[in-house]
Amino acid sequence: MNTDMNEMDLLTRFRAEVPLRVSPHTEELFHAGLDDHSTERSGVLPTRNPFARIRMPWRLAIATGLAAGLAAGLVAAVQPSGPPVLTAKLLADRASAAALAGPTVPAGQWIYQQTLTYTAHAPKGFPARLTQGTWSTADGSITYMEGGVWGWGPGHPLYSKLGSLPSDPVALDRYLAKLSYPNANATQTNKDVADFFTIGSC
Amino acid sequence: MTPHSRAHAEPDADADDATVIQLSRHEPEHFTVLFRRHAPHIQRYVVRRLGPDAADDIVAETFLLAFRQRNTYDPARADARPWLYGIATNLIGRHRRAEVRLYRALARTGADAVTEPFTDRVDDRVSAGHAGRQLAAALARLSAELRDTLLLVAWGDLSYEEIAVALGVPVGTVRSRLSRARSKLRRTLGDADPSALAEESRK
């Protein structure tokens, strides 16, 4: 054994009893810092389409939860009394009204959006809390994601086209449902979920 | 949901570091994969230099700084270890005096506050032995840049090229620093037989 090798060997063994692990406190500090970052970013930015970046299985899981929620809302809506219930039609109405009343933004202006999504009963492997960030043009024609440019597919109403959408809530609901669910056999729940996604992408 | 049950990191288990960092630009949760992958090694490195108390904050800060700088990460570098060790080493630099104090205390008394919490053997708590004391004295006498280079090799297990990336210096500088550090180490260790010292450190 030569001197150099032993010298480095000695150094390698020095304090070698320190274990290879992360302390719970370190982990706690890291996750708290990450959560703070998410909260800071999501607290001041608008929500556009909170579901657009979620992978398909996760999207399905969210859709299931939303469907249950919307179905419950629809059931409640037919009750004779009580406070107003947020139905898909009402959402569509509010979305179009809010868009028409909003400030004029140049179609090509880049906007950064960060969304924070909570799922009450997240399935295994699905995060209960999900933060997403995207850059896109105001008209939604170009979205920058994961290092590449990605355009919206055909059939999605763009921001700039909101003004031409039907102003009547029932007509708007019918129009939106047709965009995503042309299949006449689709269930009402599926239509409601589709409406919700389409509204989110407006 | 506890931090330990954040299962959304799993889909990236096979992706290299650069891919994980790229994904985390739009979905910050992906960054937890990088933490799980490298934090144990970074923590051990920092603990060996500064002890467990200071290490918790430094390791967490290392990964949070990396997270904030993730948009500047070079995607051509598949392995993020040099980047992370570089950040950790910079943060350790704020605690140079504390690090040197620990080496000097060990050299003087034989008691090592760094390893105390991790050993059950009473003998080890009382004394690190002659080898450990001499080595601590040698490390205390090294300049910060020589010690950083030496310990990134010995404890960080980085190659010369990786250390160059970590410290932001040319590879030639790394070679030169390592050569000087080892020479100084040998001189401080004096006439002691390195084989005997290594054997003693195994006890």
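Okay, D157 of chain B: it's partly exposed, because it has 13 other C-beta atoms within 10 Å. Keep in mind that we're looking at a predicted model here. D157(B) is in the loop between α8 and α9 of chain B. What's the phi of D157(B) like? It's near 60°, so to speak on the positive side, in a residue other than glycine.

Now the two helices around that loop. Helix α8 of chain B covers residues 144-154, and helix α9 of chain B covers residues 160-167. They pack at an angle of about 130°, with their axes 10 Å apart. That angle is why α8(B) counts as oblique to α9(B). As for handedness, α8(B) passes α9(B) in a right-handed crossing. Which residues make the contact? On the α8(B) side you have D148(B), T149(B), L152(B) and V153(B). On the α9(B) side there are I163(B), A166(B) and L167(B). Sort the residues of that contact by class and you get five nonpolar, one polar and one charged.

There's another positive phi, over in chain A. R15(A) isn't a glycine, and its phi is about 60°. R15(A) belongs to the loop between α1 (3-13) and α2 (24-43) of chain A. Buried or exposed, R15(A)? Buried, because it has 23 C-beta neighbours inside 10 Å. So we have two loop residues with positive phi: D157(B) is partly exposed, and R15(A) is buried.

Let me step back to the two chains. Chain A has six helices and four strands. Along the sequence the pattern goes α-α-α-α-β-β-β-β-α-α, and that puts the four strands in one run, with helices on either side. Chain B is another story: eleven helices and zero strands.

On burial, 24% of the 202 residues of chain A count as buried. For chain B the figure is 46%, out of 203 residues. Then contacts. In chain A, take the contacts with a separation of 6 or more: residues 24 or more positions apart account for 58% of them. In chain B, among contacts between residues at least 6 apart in sequence, 66% join residues at least 24 apart.

Next, the core. How many residues does the largest nonpolar core have? It has 64, and V46(B) and A88(B) are the ones with the most contacts inside it. Helix α2 of chain B, residues 31-50, gives the most to this core, with ten residues. For the general background, nonpolar side chains tend to be buried together in soluble globular proteins.

Let's stay on V46(B) for a second. Leave aside its neighbours within four places in sequence, and V46(B) is in contact with A55(B), I58(B), V59(B), A88(B) and I92(B). Two of those partners, A88(B) and I92(B), come up again in the packing of α2(B) with α4(B).

So, that pair. Helix α4 of chain B is residues 81-92, and its axis and that of α2(B) come within 11 Å and cross at roughly 30°. That angle is why we call α2(B) roughly parallel to α4(B). α2(B) passes α4(B) in a right-handed crossing. From α2(B), the contact uses H38(B), I42(B), Y45(B), V46(B), R49(B) and L50(B). From α4(B), it uses R81(B), L84(B), Y85(B), A88(B) and I92(B). By class that contact has eight nonpolar, one polar and two charged residues.

Also in α2 of chain B is F31(B). F31(B) counts as buried because there are 24 C-beta neighbours inside 10 Å. What does F31(B) touch, once you skip residues up to four places away in sequence? Its contacts are S24(B), F67(B) and R70(B), plus L34(A) from the other chain. F31(B) and D17(B) are 14 residues apart in sequence, and C-alpha to C-alpha they're 9.4 Å apart in space.

Last one: F118(B). You'll find F118(B) in the loop between α5 (96-109) and α6 (122-126) of chain B. F118(B) counts as partly exposed because it has 15 C-beta neighbours inside 10 Å. Not counting residues up to four places away in sequence, F118(B) touches E17(A), V18(A) and P19(A). Within its own chain, F118(B) and P52(B) are 66 residues apart, and their C-alpha atoms are separated by 9.7 Å.

Key:
Residues are numbered from 1 along each chain as its sequence is written. Chains are lettered from A and ligands numbered from 1 in the order in which they are written. This is a predicted model: local features need pLDDT of at least 70, side-chain atom pairs count only at pLDDT 80 or more; totals for chains, interfaces and linings use all residues. Helices (H or I, at least four residues) and strands (E, at least two) are DSSP runs, numbered from the N terminus. A residue is buried if 20 or more other C-beta atoms lie within 10 Å of its own, exposed if 12 or fewer, and partly exposed in between; C-beta atoms are placed from the backbone. Two residues are in contact if their C-beta atoms, placed from the backbone, lie within 7 Å. Axes are lines fitted to C-alpha atoms, for helices over the stretch in contact, and angles run from 0 to 180 degrees between N-to-C directions. Angles under 35 degrees count as roughly parallel, over 145 as roughly antiparallel, 65 to 115 as roughly perpendicular and the rest as oblique. A crossing is left-handed if the near helix is turned anticlockwise from the far one by less than a right angle, and right-handed if clockwise. Ala, Val, Leu, Ile, Met, Phe, Trp, Tyr, Cys and Pro count as nonpolar, Asp, Glu, Lys and Arg as charged, and the others, Gly among them, as polar. A nonpolar core is a set of buried Ala, Val, Leu, Ile, Met, Phe, Trp, Tyr and Cys residues joined through C-beta atoms within 7 Å.
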